[in-house]
Amino acid sequence: MSTTLLPKTFYDRPVLDVARDLIGRRVVRLLDGQRVSGLIVEAEAYRGEEDLACHARAGLTPRTAVMYGPPGHAYVYLTYGMHWMLNCVTGPEGFPAAVLIRAILPQEGQAVIAANRAGRPQREWCNGPAKLCQAVHIDGRLNGAGLWHSASQLWLEEGQPVVEAQITHTPRIGIHNAPEPWRSIPWRFVTNEEFNLKEKE
DNA sequence: TTTACGATCTAT
DNA sequence: TAGATCGTAAAT
């Protein structure tokens, strides 16, 4: 499995292409010099001001500014007053779009992850967008971080790309107040395996 | 300044 | 099915 960093150009593409291509890639967090990582198994695309489920529906604001900037940066925000969410800003620059990382499969640093997710079964360590942020210590301090270099202590690697046949498309989660067609548009990408596991939950 | 509301998670 | 808990954006 490749530990090559995904280049800045990886993110400089339409958000749906990037979201789809992010499945199987590795999120790496450096904590006290130690690699803590996992493979992405679920992601969602949020695209433009016309996407009424996207934060950019409110236009350019202090919060959404990162999404309007150049691709390849992290958009990290707090929701429900307590949960951090990790997103990757995509291209082109000036157009607000990002991919929400919804779940990863823990790889390296499992002891750290277990400690951060105290007492919960392994399956529940990183199977939600807020859970994975808690597991690898991602918070607002990483908002705007460059994901193409290791100096940011948070980056993405090539990992193990997944073929189309292994990916299920569904509507996005947790946007029940958004009007159609945004509520139902299939902009969530999840590996078949993860999809089957979640169906049972 | 006040209000409403979350791209969620957990316990009941 | 409801409660936690607070930043953001729009309304007042």
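These exercises, with worked solutions, treat a protein and two DNA strands.

The model is predicted; local features need pLDDT of at least 70, side-chain atom pairs count only at pLDDT 80 or more, and totals for chains, interfaces and linings use all residues. Residues are numbered from 1 along each chain as its sequence is written, chains are lettered from A and ligands numbered from 1 in the order in which they are written, and side-chain values use heavy atoms, with hydrogens and water left out.

**Exercise 1. Describe the protein surface near DNA strand B.**

Step 1: find the residues. A residue is near a strand if one of its heavy atoms lies within 4 Å of it. Around DNA strand B there are 22 residues, and His55, Tyr80, Met85, Asn87 and Asn177 come nearest. On the DNA side, sugar and phosphate make up 58% of the atoms of strand B that come within 4 Å of the protein.

Step 2: list polar contacts. A polar contact is a pair of N or O atoms within 3.5 Å; within protein, one must be able to donate a hydrogen and the other to accept it, and residues adjacent in sequence count only if both atoms are side-chain atoms.

| Side chain with the polar atom | Partner in DNA strand B | Distance |
|---|---|---|
| His83 | base oxygen | 2.7 Å |
| Asn87 | base nitrogen | 2.5 Å |
| Arg120 | phosphate oxygen | 3.1 Å |

Step 3: map to elements. Helices (H or I, at least four residues) and strands (E, at least two) are DSSP runs, numbered from the N terminus. Two or more residues of this surface come from each of strand E4 (74-79), strand E5 (83-89), strand E6 (97-106) and helix H5 (129-135).

Step 4: sort by class. Ala, Val, Leu, Ile, Met, Phe, Trp, Tyr, Cys and Pro count as nonpolar, Asp, Glu, Lys and Arg as charged, and the others, Gly among them, as polar. The surface near DNA strand B then splits into 10 nonpolar, 8 polar and 4 charged residues.

**Exercise 2. Repeat the analysis for DNA strand C.**

Step 1: name the neighbours. They are Ala58, Thr61, Pro62, Arg63, Leu78, Tyr80, Gly81 and Met82. Their classes are 5 nonpolar, 2 polar and 1 charged.

Step 2: look at the DNA atoms. Sugar or phosphate holds 65% of the strand C atoms within 4 Å of the protein, and bases hold the rest.

Step 3: list the polar contacts. Tyr80 places a backbone N or O atom 2.7 Å from a base oxygen of DNA strand C. A polar backbone atom of Gly81 is 3.5 Å from a sugar or linking oxygen of DNA strand C. For Arg63, a polar side-chain atom lies 3.5 Å from a sugar or linking oxygen of DNA strand C.

**Exercise 3. Characterise the largest and second largest pockets.**

Step 1: set the criteria. On a 1 Å grid over the protein atoms alone, a pocket is an open set of points where a 1.4 Å probe fits, with protein on both sides within 12 Å along at least five of seven lines; lining residues have an atom within 4 Å of a point. Grid points are joined across faces, edges and corners, and a volume is the space filled by probe spheres set on the points.

Step 2: take the largest pocket. Its volume is about 640 Å³. The lining has 27 residues, with Tyr77, Thr79, Ile173, Gly174 and Ile175 nearest the centre. Strand E3 (34-47), E4, E5, E6 and H5 each give two or more residues to this lining. By class, the lining holds 16 nonpolar, 7 polar and 4 charged residues.

Step 3: take the second largest pocket. Its volume is about 260 Å³. Of its 14 lining residues, Val41, Leu105, Val162, Thr191 and Glu193 lie nearest the centre. E3 and helix H6 (192-200) each give two or more residues. H6 gives the most, with 4 residues. The classes are 7 nonpolar, 5 polar and 2 charged.

**Exercise 4. Decide whether helix H2 is enclosed, and place Arg20.**

Step 1: count buried residues (under 20% relative accessible area; exposed is over 50%, partly exposed in between; 1.4 Å probe, protein chains only). In H2, 6 of the 8 residues are buried, so the helix is largely enclosed by the rest of the structure. These are Val15, Val18, Ala19, Arg20, Asp21 and Leu22.

Step 2: follow Arg20, which sits in H2 (residues 15-22). Contact means heavy atoms within 4.5 Å. Not counting residues up to four places away in sequence, Arg20 touches Val162, Val163, Glu164, Ile167 and Phe189. A polar atom of the Arg20 side chain lies 3.0 Å from the backbone oxygen of Val162.

Step 3: check what follows the helix. Just after H2, Gly24 has a positive phi of about 95°.
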